[in-house]
Amino acid sequence: MKLTRNDNYKDSGVDWLGEIPSDWKVKRIKEFFCQISETGDVLEEKTYVPLENIESFTGRLIKKSSNENGEITNLFKKGDLLFNKLRPYLGKVIECQFDGGVSSEAIVLRVKNSLNSKVCLRYFFYRLLSTKFIFQVNSLTTGVKMPRTNPNVILALDIGYTIKKEQIKIANFLDKKTSQIDKKIILLQEKKETYEELKKSLINETICRGIDKNVELKDSGIEWIGKIPKHWKIERLKNIFDERVEKNLKLEGVPITDNILSVMKDVGVINHRDKGNVGNKMAEDITGYKLVHQRDIVVNKMNVLIGSVGISKEFGALSVIYIILKTKSEGHPEYYDYVFRSKYFQRYLRTIATGILEIREAVNSNLFRHQELPKPSKEEQIQIAKYLDEKTSNIDKTVSKINDQIETLKEFRKTLINDVVTGKVRIQDEWITFTR
């Protein structure tokens with residue numbers, strides 16, 4: 001099958017639908033589907049599906065999970081469609097392949113019995129997944145930060161559709177093409193992960209062993225560090241850094257600076273205004289914040305385990321949840337920035353962390369100051385930092401190109417689905433296999 005431009009259109013009579021192929025019709029979704037509100041405990045032979053396990057814009061179930069909490073859920077059957085109420089712009093739509101239960105945040109849609117012979121479910125899965133439909137649903141949501149839709153909105157929407165024979169043709173075509181695109185995306189994601197792992201290993205190996213691969217090594221006695229060059233030292237963090245605790249407060253009771261900074265996971269120190277709605281809000285009174293100077297290392301003791309650490313490029317102030325470190329005379333901050341960004345070091349810090357949730361574990365400040373770190377000469381620290389700047393920059397550029405390729409494929413996938421299910425393009429027969 002191949003695509004050609006559809007030249008025969010008519011006005012659908014619905015503003016957001018616009019023109020549709022002249023041989024298509026328009027009906028409300030409630031003419032095809034009914035909402036299922038059956039609730040109950042998920043039975044042993046059924047499966048509970050957390051919405052977060054549904055991959056956006058693919059309808060693919062990442063994994064099946066038992067309902068360990070025993071909560072009351074919306075029950076669904078094989079052949080139902082699920083559509084998420086919360087943040088519908090995420091495009092979480094799924095065609096159920098088994099019986100089970102789902103969060104009450106999902107709308108369960110079932111084809112009306114009288115229409116089973118006239119509806120290709122897979123076509124309607126793609127229809128609800130199309131960007132044009134998702135955009136329309138999202139425009140009718142309530143709530144700003146957490147927009148939400150409801151079943152009545154979904155069921156009342158008009159959609160253009162074609163006869164079942166054409167629905168099957170469209171579904172078969174999109175199954176084949178999206179599968180090909182998905183395989184390319186998976187290969188690119190695997191390639192990206194390989195480079196990311198290479199970067200982690202490169203950083204850890206270089207900060208612990210230096211640039212000279214032929215140097216004689218000795219055991220550091222520290223688990224995450226392993227062997228280090230024989231002429232290197234191991235030093236406690238408190239002997240390498242001074243902690244900066246200056247308050248953002250003048251004698252007159254006003255802040256010294258209103259340049260508020262923050263730290264983002266795996267990004268580093270950024271201006272707070274660039275965070276958007278992510279993380280904690282800025283306090284109304286910033287005079288209690290700590291001052292940070294250029295080239296200070298900033299550690300979020302609540303999130304250092306997941307990579308919230310970085311070196312500051314400017315003067316500003318940060319929340320008291322941050323530990324601000326100034327290197328002493330024998331320390332080079334750019335080298336130790338790489339030390340703190342080492343995933344091996346971050347994982348090791350779990351041994352001095354407390355907290356119930358893994359992502360909210362906090363590092364004990366006193367124990368943190370006593371952690372032992374590698375200490376090459378300052379000259380070597382400078383050489384290592386420059387070496388890693390060059391190598392990691394090249395890796396980052398490669399990863400960025402891969403990300404661009406992935407995003408291009410994802411956008412092409414969405415555009416393809418939208419153009420085909422809305423009739424912008426027509427599928428010409430080469431060979432058609434009827435599966436539904």
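An open sheet of 4 strands, with mixed pairing, has the order S6-S10-S13-S7 in this predicted model, where helices (H or I, at least four residues) and strands (E, at least two) are DSSP runs numbered from the N terminus, and where two strands pair if DSSP finds at least two bridges between them. Strand S6 (39–40) and strand S7 (47–49) stand at the edges with a single partner strand each, so one side of each lacks a neighbour in the sheet. Strands of a sheet pair through backbone hydrogen bonds, in either a parallel or an antiparallel manner. S7 and strand S13 (residues 100–102) run parallel and are joined by 3 bridges, and Tyr48 stands opposite Gly101 in S13.

Residues are numbered from 1 along each chain as its sequence is written. Because the model is predicted, local features need pLDDT of at least 70 and side-chain atom pairs count only at pLDDT 80 or more, whereas totals for chains, interfaces and linings use all residues, and side-chain values use heavy atoms, with hydrogens and water left out.

The protein chain holds 9 helices and 30 strands. Of its 436 residues, 47% are buried, a class that means under 20% relative accessible area, with exposed meaning over 50% and partly exposed lying in between (1.4 Å probe, protein chains only). Among the contacts in the protein chain with a separation of 6 or more, 73% come from residues 24 or more positions apart, a contact being heavy atoms within 4.5 Å.

Helix H9 (residues 378–421) takes part in several helix pairs, including one with helix H4 (residues 164–209), in which the axes come within 10 Å and cross at roughly 170°; axes are lines fitted to C-alpha atoms, for helices over the stretch in contact, and angles run from 0 to 180 degrees between N-to-C directions. This crossing makes H4 roughly antiparallel to H9, given that angles under 35 degrees count as roughly parallel, over 145 as roughly antiparallel, 65 to 115 as roughly perpendicular and the rest as oblique. The contact of H4 with H9 comprises 24 nonpolar, 7 polar and 11 charged residues, where Ala, Val, Leu, Ile, Met, Phe, Trp, Tyr, Cys and Pro count as nonpolar, Asp, Glu, Lys and Arg as charged, and the others, Gly among them, as polar.

Helix H6 (residues 333–341) packs against H9 at an angle of about 60°, with the axes 8 Å apart, which makes H6 oblique to H9. The crossing of H6 and H9 is left-handed, meaning that the near helix is turned anticlockwise from the far one by less than a right angle, a clockwise turn being right-handed. Glu334, Tyr335, Tyr336 and Tyr338 of H6 meet Gln381, Ile384, Ala385, Leu388, Asp389 and Thr392 of H9, and by class this contact has 6 nonpolar, 2 polar and 2 charged residues.

Helix H1 (residues 121–129) also packs with H9, at an angle of about 120° and with the axes 9 Å apart, and H1 passes H9 in a left-handed crossing. Here Tyr123, Tyr126, Arg127 and Leu129 in H1 meet Arg413, Ile417 and Val421 in H9, a contact with 5 nonpolar, no polar and 2 charged residues.

Asp266, although not a glycine, has a positive phi of about 60°; this residue is found in the loop between strand S20 (261–264) and strand S21 (268–271) and is partly exposed, with a relative accessible area of 48%. Arg295, likewise not a glycine, has a positive phi of about 75°, lies in the loop between strand S22 (290–292) and strand S23 (297–300), and is partly exposed at a relative accessible area of 38%.
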